[in-house]
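Trainee: Please pick one part of this model and take me through it closely. After that, go on to the other parts worth reading alongside it.

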Amino acid sequence: MSTDAAPLKIVSLLPAATEIVCALGFQDSLVGRSHECDYPAGVETLPVCTRALIRPGGTSAEIDTQVKDALKNALSIYEVLSDELERLGPDVIVTQDQCEVCAVALYDVEAAVCDRLGNDARIVSLNPEGLDKVYGDIARVAATLDAESAGEHLIGTMKNGFAALSAAAPEERPGVFCVEWADPLMAAGNWVPELVDIAGGRDLFGTPGAHAPWLEPERLFAEDPDVIVFMPCGFGLERSEQEARALLATTEWRNLSAVRNGRIYATDGNSYFNRPGPRLLDSARILAEILYPGAITPTFEGRAWKAVA
């Protein structure tokens, strides 16, 4: 986009998209955000353009029921605030079409743009199924903003960081269970299995590039992972620890090797693992700190992850 025109106005409707836009050097061009966008510092002051239509404060089982009921009845889980979008008049809107549970659905954004903006805004929709797709999303956002060089630099930084982590991992590869949701039980998928591999572990349940699978407890007990890492979608460190401790209180979980050996960890999944953007590199570093204590200098312990048992 030409720099001779009026200043570019960008609305991001996804936390990861906000982080990508800012990492490309366009934080000053952001004029609106989703209700969940909170990084980097300063974006929290931007006008909010979405809201959740379910109650986020319930138990994992209650939240799961609300989401499933909404989807069963063809209802949206999030709402685009069309009046605010019209007021802001963005040139570019960055959203996603991977998961209706994670953020506003693409069709809701398209409808709002058609109704209020007359299709003048350009929509960039992300679909980050795995690391390659994350790189592709970064490249597409960069191309839209005429910032291809910045996009290539950001992708290169991520790839080099992943390569350095992978090269430093010991040969031993413990079996890892990354918990995407606690009740009902779900293993992390998409890019997380790749992060586990980069950090030096073996993801026992997730498949790279595939959505998070529901997990029968019987399979968990049969595989008996060496390490269990809680990273529930949308939950910070404190809530992640609460979810972990609730399961550890059950007799079945106390018999797992990871529990007996004190290898249960909680993370700030909402800030790191759940956001397919630049901080996936930090997420891999968190896993490396967890899997191989002492192998790398711990910089995230206490603020992004902690041992639970």
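Mentor: Start with Pro184, which sits in the loop between β7 (175–181) and β8 (186–187). The model is predicted, so read each value here as computed from that prediction. The peptide bond that leads from Asp183 into Pro184 is cis, with omega near 0 degrees. Most peptide bonds are trans. A second cis bond joins Tyr39 and Pro40, with omega at about 0 degrees. Pro40 is likewise in a loop, the one between β2 (30–32) and β3 (50–52).

Two other loops hold a backbone feature of another kind. Most residues other than glycine have a negative phi. Asp146 is not a glycine, yet its phi is positive, at about 55 degrees. Asp146 belongs to the loop between α5 (131–144) and α6 (148–168), and with a relative accessible area of 45% it is partly exposed. Asp224 also has a positive phi, near 50 degrees, without being a glycine. Its place is the loop between α8 (217–223) and β10 (227–230). Asp224 has a relative accessible area of 25%, so it too counts as partly exposed. A glycine can be added here: Gly25, just after α1, takes a positive phi of about 95 degrees.

That brings us to α1 itself, residues 15–23, which is mostly covered, since eight of its nine residues are buried, with under 20% relative accessible area. The buried ones are Pro15, Ala16, Ala17, Thr18, Glu19, Ile20, Val21 and Cys22. They pack against the strands β1 (10–12), β2, β5 (92–96) and β6 (122–126), and against helix α5.

Next, the interior. The largest nonpolar core has 58 residues, and those touching the most other members are Ile10, Val141, Leu145, Phe162 and Leu195. Helix α12 (residues 280–291) gives the largest share of this core, eight residues. Another core lies apart from it and has 22 residues, including Phe230, Leu237, Ala258 and Ile264.

Leu195 is a useful point from which to follow the larger core. Setting aside neighbours within four places in sequence, Leu195 is in contact with Leu131, Phe162, Phe273, Leu280, Ser283, Ala284 and Leu287. Leu195 also takes part in a helix pair. Helix α7 (residues 192–199) packs with α12 at an angle of about 50 degrees, with their axes 8 Å apart. The two helices are therefore oblique to each other, and their crossing is right-handed. From α7, the contact uses Leu195, Val196, Ile198 and Ala199; from α12, it uses Leu280, Ser283, Ala284, Leu287, Ala288 and Leu291. Sorted by class, this contact has nine nonpolar residues, one polar residue and no charged ones.

Helix α12 has a further partner in α6. Here the angle is about 10 degrees and the axes are 9 Å apart, so α6 and α12 are roughly parallel to each other. On α6 the contact is made by Thr157, Met158, Gly161, Phe162 and Leu165, and on α12 by Leu280, Leu281, Ala284, Arg285 and Ala288. By class, the α6 contact has seven nonpolar, two polar and one charged residues. Phe162 has now come up both in this helix pair and among the core members with the most contacts.

How values were computed: Residues numbered from 1 in each chain as written. Predicted model: local features only at pLDDT ≥ 70, side-chain atom pairs only at ≥ 80, totals over all residues. Heavy atoms only, no water. Core = buried A, V, L, I, M, F, W, Y, C linked by side-chain atoms within 4.5 Å. Buried < 20%, exposed > 50% of the residue type's maximum accessible area, 1.4 Å probe, protein only. Helix = DSSP H or I, 4+ residues; strand = E, 2+ residues; numbered from the N terminus. Contact = heavy atoms within 4.5 Å. Axes fitted to C-alpha atoms, helices over the stretch in contact; angles between N-to-C directions. Parallel < 35°, antiparallel > 145°, perpendicular 65-115°, else oblique. Left-handed = near helix turned anticlockwise from the far one by under 90°. Nonpolar A, V, L, I, M, F, W, Y, C, P; charged D, E, K, R; others polar.
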